[in-house]
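Please look at the sequence and the model together, and follow the paragraphs below with both in view. Each paragraph takes up one place and the contacts found there.

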Amino acid sequence: MIELEQARQRLEELGLGQAAQSLDAKLEAASRSQSTYLSFLNDLLDAEIQDRQRRNVEVRMKLSHLPYRRTLNEFDFSFQPGIDERLIRELAALTFVGRQENVLFLGPPGVGKTHFVFCK
């Protein structure tokens, strides 16, 4: 038990708070699945990276001072039957960026263009 506490403390000292917090659960899961040492380490570090990315997005959203937060799942496609839902969801995957293509939303007021621009 002393080694576990030392490991947790060292993770905290290195600034790996999420890894320290999830250490017990990751050790137990690795023991059950008989994972390799590298697999266990990668799982632990993945949890830390995911937590940092989540916190990074939260901070950036706060700093952006956007008036509200919208998601694509909140959009009512039945309200605007002229909008191709499949096309919008494909655009949300951002594959057009890799192809270096531009996307323009054109239409009269009130059809949901702004909602799509601010979607995450």
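Glu5 counts as partly exposed because its relative accessible area is 41%, where buried means under 20% relative accessible area, exposed means over 50%, and partly exposed lies in between, all with a 1.4 Å probe and protein chains only. This is a predicted model, in which local features need pLDDT of at least 70 and side-chain atom pairs count only at pLDDT 80 or more, while totals for chains, interfaces and linings use all residues. Residues are numbered from 1 along each chain as its sequence is written, and side-chain values use heavy atoms, with hydrogens and water left out.

The side chain of Glu5 meets that of Arg8 in a salt bridge of 2.7 Å, N to O, a term that stands for a side-chain nitrogen of Lys or Arg within 4 Å of a carboxyl oxygen of Asp or Glu. Both residues belong to helix H1, residues 2-13, where they are three residues apart, about one turn of the helix; helices here are DSSP runs of H or I with at least four residues, and they are numbered from the N terminus. Unlike Glu5, which is partly exposed, Arg8 is buried, because its relative accessible area is 18%. An α-helix has 3.6 residues a turn, so residues three or four places apart point the same way. Side chains of opposite charge can pair when their charged atoms come close.

By this rule, the count for the structure comes to nine salt bridges. One of them joins the side chains of Arg32 and Glu28 at 3.6 Å, N to O, and these two residues lie in helix H2, four residues apart, again about one turn of the helix. Arg32 counts as exposed because its relative accessible area is 62%. Another salt bridge joins Arg54 and Asp51 at 2.6 Å, N to O, and because these residues are three apart in helix H3, about one helical turn separates them. Arg54 is partly exposed, with a relative accessible area of 41%, whereas Asp51 counts as buried at 12%. Asp51 and Arg54 are also linked with Arg55 and Glu58 in a network of salt bridges.

Where does Glu48 lie? Glu48 is part of helix H3, residues 37-64, and it counts as buried because its relative accessibility is 2%. A polar atom of its side chain lies 2.9 Å from the backbone nitrogen of Gln18, and a polar atom of the Glu48 side chain lies 2.8 Å from the backbone nitrogen of Ala19. Such polar contacts are pairs of N or O atoms within 3.5 Å; within protein, one atom must be able to donate a hydrogen and the other to accept it, and residues adjacent in sequence count only if both atoms are side-chain atoms. Leaving aside residues up to four places away in sequence, Glu48 touches Gly15, Leu16, Gly17, Gln18, Ala19 and Arg55, where contact means heavy atoms within 4.5 Å.

One of these neighbours, Gly17, is found in helix H2, residues 17-33, and it is partly exposed, with a relative accessible area of 27%. Apart from residues up to four places away in sequence, Gly17 touches Leu11, Glu12 and Glu48. Gly17 and Asp51 are 34 residues apart in sequence, and their C-alpha atoms are 9.3 Å apart in space.

The structure also holds one aromatic pair. Phe75 and Phe77 form this pair, which is edge-to-face, with 4.9 Å from centre to centre and 75° between the planes; rings of Phe, Tyr and Trp (its six-membered ring) pair if their centres lie within 6.5 Å, and planes under 30 degrees apart count as stacked, over 60 as edge-to-face and the rest as tilted. Phe75 counts as buried at 11% relative accessibility, and Phe77 is buried with a relative accessible area of 11%.

Further along the chain, at the start of helix H4, residues 85-92, a side-chain oxygen of Asp84 reaches to within 3.2 Å of the backbone nitrogen of Arg86. Leu94 is found in the loop between H4 and helix H5, 95-98, and has a positive phi of about 65° although it is not a glycine. Gln100, in the loop between H5 and helix H6, 113-117, has a phi near 55°, also a positive value in a residue other than glycine. Gln100 counts as exposed because its relative accessibility is 73%.
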